[in-house]
Every structure is written in structure tokens, then in C-alpha cells.
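Visitor: Please take me through one part of this model at close range. I would like to follow the strands and see what surrounds them.

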Amino acid sequence: MSVTTLHDTAVRGFASDNYSGVHPEILEAIAAANHGHQIAYGEDAYTARLQEVFRHHFGAGVEAFPVFNGTGANVVGLQSMLPRWGAVIAASTAHINVDEGGAPERVAGIKILNVPTDDGKLTPELVDREAWGWGDEHRAQPLVVSITQSSELGTLYNPDEIAALADHAHARGMRLHLDGARISNAAAALDLPLRAFTTDVGVDVLSFGGTKNGALGGEAVVVLNPDAAEGLLFLRKLNMQLASKMRFISAQLVALLEGDLYLRNARHANAMAQRLRAGVEAAIADGSITGVSFSQPTQANGVFAVLPDGVADTLRESFRFYDWDAAKNEVRWMCSFDTSEDDVDAFIAELARLT
């Protein structure tokens with residue numbers, strides 16, 4: 001049977017690391033898992049191996065629950081951490097607050113107490129803006145702090161910053177959740193083992209992301225502190241995140257994490273973002289690009305910039321990307337594991353032509 005490619009494979013973009021395809025090694029892992037029969041719903045050899053792999057990276061005793069997508073991981077993970085009356089403190093830019101269609105509130109029944117931040121990161125002082133009202137029956141009880149690493153604005157928490165948040169939350173009877181949709185990019189940028197800024201500094205539960213880093217579709221809720229979550233076995237099914245053929249999700253995550261593929265992919269994406277930032281900065285310096293500035297530091301695989309009026313829409317005719325704050329002409333450019341130097345250079349050249 002012949003298979004027809006329905007899209008122009010030469011088209012490249014900087015809109016999202018979800019636009020990229022699947023890394024060949026991930027496809028090979030899926031194909032290798034696609035022989036014979038394996039027990040459904042997670043009682044397969046690949047999901048068993050995945051537990052070993054996650055324990056290697058995050059420590060003995062952790063447990064991973066593969067799910068279909070990042071929103072599912074966040075909803076299921078947070079729901080397991082909270083009673084019905086619980087609330088989550090998060091940055092106003094957090095994915096759980098902005099980009100999940102109200103799923104934490106509507107599906108999990110969780111109140112999000114959001115705090116404005118300039119850089120997408122929380123601090124203990126910012127947490128305290130919403131960390132109050134315990135015992136007040138008129139207020140949803142703040143019982144979890146959720147952070148994103150790397151953040152929605154492409155910024156990074158260092159281990160000391162996360163440890164300070166964990167200590168602050170725990171001292172107030174709260175738990176710390178980490179949305180790790182781009183956790184591999186953070187590990188690559190920090191040049192640290194995964195556990196160094198999660199398990200070792202007090203993170204209780206995390207959502208581990210694979211899809212943005214070369215997987216076909218693979219995420220997991222990872223319980224680092226068994227006392228911080230309960231009912232995940234039931235909540236995953238209740239929230240329609242239990243894969244019958246789980247071996248194909250687990251095989252992807254094993255392929256990412258068993259060797260260094262997660263780091264190779266993330267390092268490349270980060271390097272392409274740095275190339276894009278440096279190339280635009282050089283062009284600004286020599287005058288070939290004008291009217292462009294940057295709104296955030298480039299610390300992982302995202303570049304945030306402000307463009308002159310009208311430039312974004314014209315540039316999008318050649319390279320797709322998203323507005324971040326259209327009122328300010330602020331845009332986001334994301335690099336992926338398969339972004340090439342030629343892609344970056346062509347983008348910079350087109351931006352120079354338009355400005």
C-alpha cells in the first residue's frame with residue numbers, strides 16, 4: 001500500500017515545538033514495540049521498563065503514569081494532589097491558567113489563584129499574594145503551588161529558586177507541582193540532571209513532557225513524593241487519560257530517556273534559539289534589522305520579541321509564528337529539535353528584508 005504525503009515538507013515555522021515531526025529514533029521505538037501481543041492498560045514490558053527509567057532519572061520510589069497529552073498530565077496530577085476544596089497558586093501566564101481551555105477548573109474542579117509576573121516565574125513573595133485564607137470556608141484553600149520549567153516566557157528556574165519555593169510551600173502546608181512540558185530544554189540549558197531541580201529540591205509531583213521534544217505523543221504524571229498524591233490509578237481513567245495500548249506511549253518515553261536523546265533534542269532546539277537571538281541582535285547592531293527588540297531573555301528554546309507595526313503579519317506569509325501580546329506587537333518564536341541553521345538564517349534574512 002502506498003502512502004501519500006499531504007503536506008509540503010519544505011515548509012518550516014517558528015510557531016511551536018509541537019509543529020515538528022517525530023524523531024526517527026522515536027519512530028523506531030514505536031515500530032519495535034509493534035510486534036505480537038502485550039497486556040493492555042499498562043501491564044506491558046515497556047511501561048514496566050519506563051518505571052525503571054524514571055527512577056534512574058528522578059530517584060528510587062518515584063512512580064510514572066503515562067498519559068496522552070500535557071493538559072491531561074496537569075489535570076490528573078493536580079487533581080491527585082488536592083481535595084475538592086483545594087486551589088492552585090500559579091503565575092498568570094501559566095499554561096494551566098491560560099491555555100488549557102479551563103480544563104483544570106471545569107474537569108478537575110480546581111480553582112486557579114493566578115499571580116501576575118513579569119518573567120513567568122513565581123517567587124515566595126509572589127506566592128504569598130494568594131497564600132492566605134486557610135480555614136476560611138468562603139475561600140478555596142490554597143494547597144498547591146504550580147510552576148512551569150522552562151516557563152511559558154522561556155525563562156528558567158535555577159535549583160535554588162525551586163528549593164526556596166518548595167520550602168516556602170511546604171512550611172505553609174502546601175505542595176509543589178511542576179509543569180515540565182519543556183523540562184528537557186531546562187535540563188539542557190541548566191546542564192543538570194533532571195532530579196537536581198525536581199526531586200532533590202522538593203518538587204512533589206511533575207508533568208513530564210515528551211511531545212514537544214520529538215515524541216509522537218507521550219507525557220507522564222510523575223509522583224516524586226508518594227505522600228503528595230493519591231488516587232492516580234483511578235483519576236487517570238476517570239479523566240480519559242488511560243491508554244489501552246500504553247506500550248506505545250511508554251516506548252516513546254523510554255526511547256527519549258534511556259539514553260541521551262532527550263538532551264540531544266533539547267540542546268539542539270536551545271542552540272537554534274540562541275542562534276536566532278544572536279543573529280537578530282547582530283543584525284540590529286549593524287543596522288540591517290531595525291525597530292526590533294526583545295521582551296524576555298532567551299534561556300531555553302523560545303525567543304520573545306517586539307516587532308514594528310505590520311511586520312508580524314507580513315513575516316508570517318513566509319514563516320508561521322504566534323503573537324504573544326498583539327497589543328504590544330510582542331511575538332513568540334519557538335525552535336524545535338529539527339530546526340536547522342538554514343531555517344534560522346532564512347528567517348533572519350526575511351526579517352531583515354521586511355524591516
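Guide: This is a predicted model. Start where β6 and β7 meet: the two strands run antiparallel and are joined by five bridges. Within this pair, leucine 206 stands opposite valine 222 in β7.

Stay on β7. This strand spans residues 219-223, and five of the five are buried, so the rest of the structure largely encloses it. In a regular strand, side chains alternate between the two faces of the sheet. Here both faces are covered. On one side sit Glu219, Val221 and Val223, and on the other Ala220 and Val222; all are buried.

β7 also pairs with strand β1 (residues 63-67), in the antiparallel sense, over five bridges. Alanine 64 has valine 222 of β7 as its bridge partner. So valine 222 links up twice: with alanine 64, and with leucine 206.

Now go back to β6 and move on to β5. Four bridges join these two strands, which run parallel. Leucine 178 stands opposite leucine 206 in β6. The chain gets from β5 to β6 through α8, and this β-α-β crossover is right-handed.

Look at that connecting helix. α8 covers residues 183-190, and six of its eight residues are buried, so the helix is largely enclosed by the rest of the structure. The buried ones are Ile183, Ser184, Asn185, Ala186, Ala187 and Ala188. What do they pack against? Their contacts are β5 (175-180), β6 (205-209) and α11 (261-286). Thus α8 packs against both strands that it connects. After the helix comes aspartate 191, with a positive phi near 55°.

β5 itself is mostly covered, with five of its six residues buried. Besides β6, β5 pairs with strand β4 (residues 141-148): five bridges join the two, and they run parallel. Threonine 148 has aspartate 179 of β5 as its bridge partner. A helix belongs to this step as well. β4, α7 (residues 159-171) and β5 make a right-handed β-α-β unit.

To retrace the path: β4 and β5 are parallel, as are β5 and β6. β6 and β7 are antiparallel, and so are β1 and β7.

How values were computed:
Residues numbered from 1 in each chain as written. Predicted model: local features only at pLDDT ≥ 70, side-chain atom pairs only at ≥ 80, totals over all residues. Heavy atoms only, no water. Buried < 20%, exposed > 50% of the residue type's maximum accessible area, 1.4 Å probe, protein only. Contact = heavy atoms within 4.5 Å. Pairing = 2+ DSSP bridges. Right-handed = clockwise from strand over helix to strand, strands pointing away.
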